[in-house]
Amino acid sequence: MPVRHEPSRPMDRRVRVQGQPVDSYPALPPEVARGSVRRVTVVGEEVLSRPCQEVTEFGSPELSALIDDMFLTMHVADGAGLAANQVGVDLRLFVYDCPNDDGIRHVGHVINPVLDLPDPGSRRLIDEFEGCLSVPGATMTVPRTDRAVVRGLDKDGNSVVIEGTGYFARCLQHETDHLFGHTYLDRLSKRDRKDALRQMADRREDVFARREVKAARLGR
């Protein structure tokens with residue numbers, strides 16, 4: 001009996017907001033217009049090296065304002081994701097505006113995230129360059145799984161499930177690491193870590209200057 005080939009469905013390329021496809025979405029997330037720029041913490045600061053506290057209160061203006069500020073700060077710093085401790089706030093929360101390897105944009109925030117990775121038997125590790133807004137100017141290759149799922153809550157306490165592949169899966173793993181007090185430097189050998197810190201020392205001032213220019217361009 002001949003094999004029956006089902007016609008392939010065209011890929012849904014719509015932007016995913018909080019994991020759900022939307023028919024239209026602006027180049028800048030709405031949160032950016034409402035936010036204020038915060039200082040990005042730098043590796044070595046204590047807030048980056050300890051597990052963050054769980055969020056227990058939802059729906060508050062303060063939580064919404066923090067998310068707005070994080071989106072703007074991420075945009076000004078040309079980031080794809082940003083964790084709360086990267087703006088000095090000890091809470092389990094991150095925001096993201098990140099494409100996957102198919103160019104599909106994912107935008108949103110996750111509170112109290114739990115990361116699910118494929119079983120070891122089906123896990124595929126990809127070595128690719130990775131940077132961090134808290135390690136300004138440095139990039140190193142880091143092995144990450146090519147698929148990841150994050151389960152958590154939104155700012156109103158509703159459940160969210162965010163699935164990522166490729167570069168977006170890397171983003172989800174990177175940001176969840178932050179909330180446990182880890183940066184990607186912790187996944188490097190001693191030699192590679194020294195190399196990354198050397199890169200940061202050489203380039204950080206240029207990175208800070210670019211962020212200031214972009215913030216000024218936005219009038220922030």
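The bend at a residue is the angle between two axes, one fitted to the seven residues ending there and the other to the seven starting there. With that in hand, here are my notes.

1. This is a predicted model, where local features need pLDDT of at least 70 and side-chain atom pairs count only at pLDDT 80 or more, while totals for chains, interfaces and linings use all residues. Residues are numbered from 1 along each chain as its sequence is written, and side-chain values use heavy atoms, with hydrogens and water left out.

2. Let's begin with helix H4, residues 190-217 (helices, H or I, at least four residues, and strands, E, at least two, are DSSP runs numbered from the N terminus). There is a kink of about 55° in H4, centred on Arg203. The end C-alpha atoms are 39 Å apart, which agrees with the 40 Å that its 28 residues should span at 1.5 Å a residue (the expected span is 1.5 Å times one less than the number of residues). After H4 comes Gly219, with a positive phi near 70°.

3. Which residues of H4 are buried? They are Ala196, Gln199, Met200, Val207, Arg211, Lys214 and Ala215 (buried means under 20% relative accessible area, exposed over 50%, partly exposed in between, with a 1.4 Å probe and protein chains only). Their cover includes H2 and strand E7 (139-145).

4. The largest nonpolar core has 23 residues, and Met70, Phe71, Leu82, Leu93 and Val95 have the most contacts inside it (such a core is a set of buried Ala, Val, Leu, Ile, Met, Phe, Trp, Tyr and Cys residues joined through side-chain atoms within 4.5 Å). Helix H2 (61-76), strand E4 (93-99) and strand E5 (105-116) each give two or more residues to this core, and H2 supplies the largest share, 8 residues. Apart from it lies another core of 14 residues, among them Tyr96, Cys98, Val160 and Phe168.

5. Cys98 deserves a look of its own. Cys98 lies in strand E4 and is buried, with a relative accessible area of 0%. Beyond its neighbours within four places in sequence, Cys98 is in contact (heavy atoms within 4.5 Å) with residues including Ala80, Ile104, Tyr167, Phe168 and Cys171.

6. Finally, the strands. E5 and strand E8 (residues 147-153) run antiparallel, joined by 4 bridges, and Ile111 has Leu153 in E8 as its bridge partner. E8 also pairs with strand E9 (residues 159-165), in the antiparallel sense over 7 bridges (two strands pair if DSSP finds at least two bridges between them). In the hairpin of E8 and E9, with 5 residues between the strands, Gly157 takes a positive phi near 90°.
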